[in-house]
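This report covers a helix pair and a DNA-facing surface. Please have the sequence and the model in view while reading.

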Protein chains: 2
Amino acid sequence: MSLEYLKKKRILLVDDEPELLKMVRSILEEEGYRQIETAQCVKEAAEKAESFSPELAVLDVMLPDGDGFELMEKLRKMGDYPVLFLTARGEDEDKFTGFGLGADDYIVKPFLPQELLFRIAAILRRTYKEEEPQVRLKCCTIDFSRAEVERGGERIPLTAKEYELLNALYRNAGRIVTIDALCEAAWGDNPYGYENSLMAHIRRIREKIEENPSRPVSLVTVKGLGYKLNVEGK
Amino acid sequence: MSLEYLKKKRILLVDDEPELLKMVRSILEEEGYRQIETAQCVKEAAEKAESFSPELAVLDVMLPDGDGFELMEKLRKMGDYPVLFLTARGEDEDKFTGFGLGADDYIVKPFLPQELLFRIAAILRRTYKEEEPQVRLKCCTIDFSRAEVERGGERIPLTAKEYELLNALYRNAGRIVTIDALCEAAWGDNPYGYENSLMAHIRRIREKIEENPSRPVSLVTVKGLGYKLNVEGK
DNA sequence: CTCAAATGTAAGGTAATTGTAAGGCTGGGA
DNA sequence: TCCCAGCCTTACAATTACCTTACATTTGAG
């Protein structure tokens with residue numbers, strides 16, 4: 001059972017004490033985690049999260065410009081990754097607030113390094129069941145980690161927008177994704193007026209992933225409802 | 001965010017003290033969990049797991065005929081569901097053994113009921129993403145997230161209007177929905193003058209979901225009142 | 001700055017979906 | 001028995017949502 005891929009996950013640490021931050025970081029790095037970002041307040045954390053797209057967040061409850069709970073709500077709006085809280089001993093109320101809001105684990109300071117590592121590993125293992133770099137489609141495979149499509153030995157690169165759209169479709173593989181949802185995924189805040197542009201992108205994606213782009217089988221349109229990505233295998 | 005579906009998950013409790021078993025069971029039942037099995041030793045647990053197919057296991061470390069770690073290895077061979085350990089205070093070595101073997105969480109006795117509930121909910125939430133509701137009818141199933149009807153292995157797509165109408169009927173499954181209400185659902189603002197069109201759509205839907213569209217059993221008409229969708233309840 | 005690649009826009013085309021209409025049932029009442 | 005209302009059924013016409021393509025604009029690397 002190879003768990004190596006878990007070491008590549010992006011982890012965001014947020015704590016106001018630089019000492020603790022440094023300690024936790026070194027614990028994780030020693031264990032082999034390679035992608036770690038840190039922040040010392042809510043504002044900084046939100047900015048880092050935006051560009052870093054963490055796959056796990058470890059948050060202190062007490063922060064100079066707010067609290068960890070408020071921060072978690074912010075983070076949850078951006079992506080659905082697990083959140084683990086650190087807090088001072090004994091504040092049971094905090095613990096319950098955190099769990100109630102949907103935290104994934106809660107560790108009381110002071111803690112044993114080993115326990116932190118185990119809990120992080122347990123959450124990552126559950127959340128990211130197995131590495132799935134290759135998504136198989138009818139007549140090609142998509143490699144999201146390289147943003148490439150492989151078809152008949154040939155490697156075709158995806159552009160940024162194509163990647164975002166395909167990813168949004170893949171996250172809902174098999175289900176219908178509305179035009180609005182796709183615009184939202186690709187253009188964010190102001191996703192209006194791009195319907196036509198979306199269509200052009202869909203066409204370009206189809207030229208990369210379909211045998212016959214005019215008779216799509218993997219990225220099909222459901223008239224009046226949206227688009228749907230069909231992936232192979234259970 | 002509906003978390004109701006988590007309450008239906010099958011949970012296996014294993015502990016040698018009948019008292020504790022009873023207590024944990026009542027904590028869970030009070031919270032709304034409905035499918036709970038218990039066992040008092042490794043042997044019994046293995047048997048129950050076989051027939052019960054748990055979706056989460058809560059294990060004590062100390063058992064009369066073995067230990068929880070050994071049991072976890074047995075369970076893992078049968079299925080990949082999360083395991084949470086309960087143990088007596090202070091046995092840090094146990095804790096690390098458990099996590100090292102792939103446990104998902106670890107709670108030290110004595111614990112607060114609330115904490116157990118939160119940790120169980122957190123694990124279930126991460127492990128089991130919300131499932132899509134499949135609506136079962138007399139001779140087919142409807143999958144709204146894919147806008148498809150599955151009948152005898154065949155997948156028949158629904159069009160936008162068909163989707164809207166079926167959805168409106170499903171939201172009032174078993175009850176009569178008036179013609180006006182259906183027009184309202186499908187045509188919004190100005191739902192007048194579409195009665196005939198509605199009929200044509202009803203026909204098309206029946207051809208997709210009924211054995212004999214002319215003798216409907218799932219989407220029946222109630223003369224003078226409207227239509228009604230009969231779903232197979234359980 | 002320059003150039004190529006990526007992205008957005010526009011316009012004519014097309015086919016599936018939807019609307020329409022006309023004739024056909026069926027069951028209840030007179 | 002006949003008639004009528006309310007719904008069914010079908011074929012076909014109209015619409016609209018999407019396709020396709022060429023081209024304009026933006027972006028970003030060097």
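## A helix pair in chain B

Five residues of H2(B) are in contact with five of H3(B). From H2(B) come B:Val42, B:Ala45, B:Ala46, B:Ala49 and B:Glu50. H3(B) answers with B:Glu70, B:Leu71, B:Lys74, B:Leu75 and B:Met78. By class, the residues of this contact are 7 nonpolar and 3 charged, with no polar ones. The model is a predicted one.

Helix H2 of chain B spans residues 42-52, and helix H3 of chain B spans residues 68-78. Their axes lie 10 Å apart, at an angle of about 15 degrees. Angles under 35 degrees count as roughly parallel, and H2(B) and H3(B) are therefore roughly parallel to each other. The crossing of H2(B) past H3(B) is right-handed.

## The surface near DNA strand C

DNA strand C is surrounded by 23 residues. The closest are A:Thr159 and A:Arg204, together with B:Thr159, B:Trp187 and B:Arg204. The surface near the strand has 10 polar, 8 nonpolar and 5 charged residues.

Both chains supply helices here. Helix H6 (160-171) and helix H8 (195-209) of chain A, and H6 (160-171) and H8 (195-209) of chain B, each give at least two residues to the surface near DNA strand C.

## Backbone and base contacts

Of the atoms of DNA strand C within 4 Å of the protein, 54% belong to sugar or phosphate. The rest belong to bases.

Two phosphate contacts use protein backbone atoms. A backbone N or O atom of A:Ala160 is 3.5 Å from a phosphate oxygen of DNA strand C. For B:Lys161, a polar backbone atom lies 3.0 Å from a phosphate oxygen of the strand. B:Arg204 reaches a base: a polar side-chain atom of B:Arg204 is 2.5 Å from a base oxygen of DNA strand C.

Technical notes. Residues numbered from 1 in each chain as written. Chains lettered and ligands numbered in written order. Predicted model: local features only at pLDDT ≥ 70, side-chain atom pairs only at ≥ 80, totals over all residues. Heavy atoms only, no water. Near = heavy atom within 4 Å. Polar contact = N/O pair within 3.5 Å; in protein donor to acceptor, adjacent residues only side chain to side chain. Helix = DSSP H or I, 4+ residues; strand = E, 2+ residues; numbered from the N terminus. Nonpolar A, V, L, I, M, F, W, Y, C, P; charged D, E, K, R; others polar. Axes fitted to C-alpha atoms, helices over the stretch in contact; angles between N-to-C directions. Parallel < 35°, antiparallel > 145°, perpendicular 65-115°, else oblique. Left-handed = near helix turned anticlockwise from the far one by under 90°. Contact = heavy atoms within 4.5 Å.
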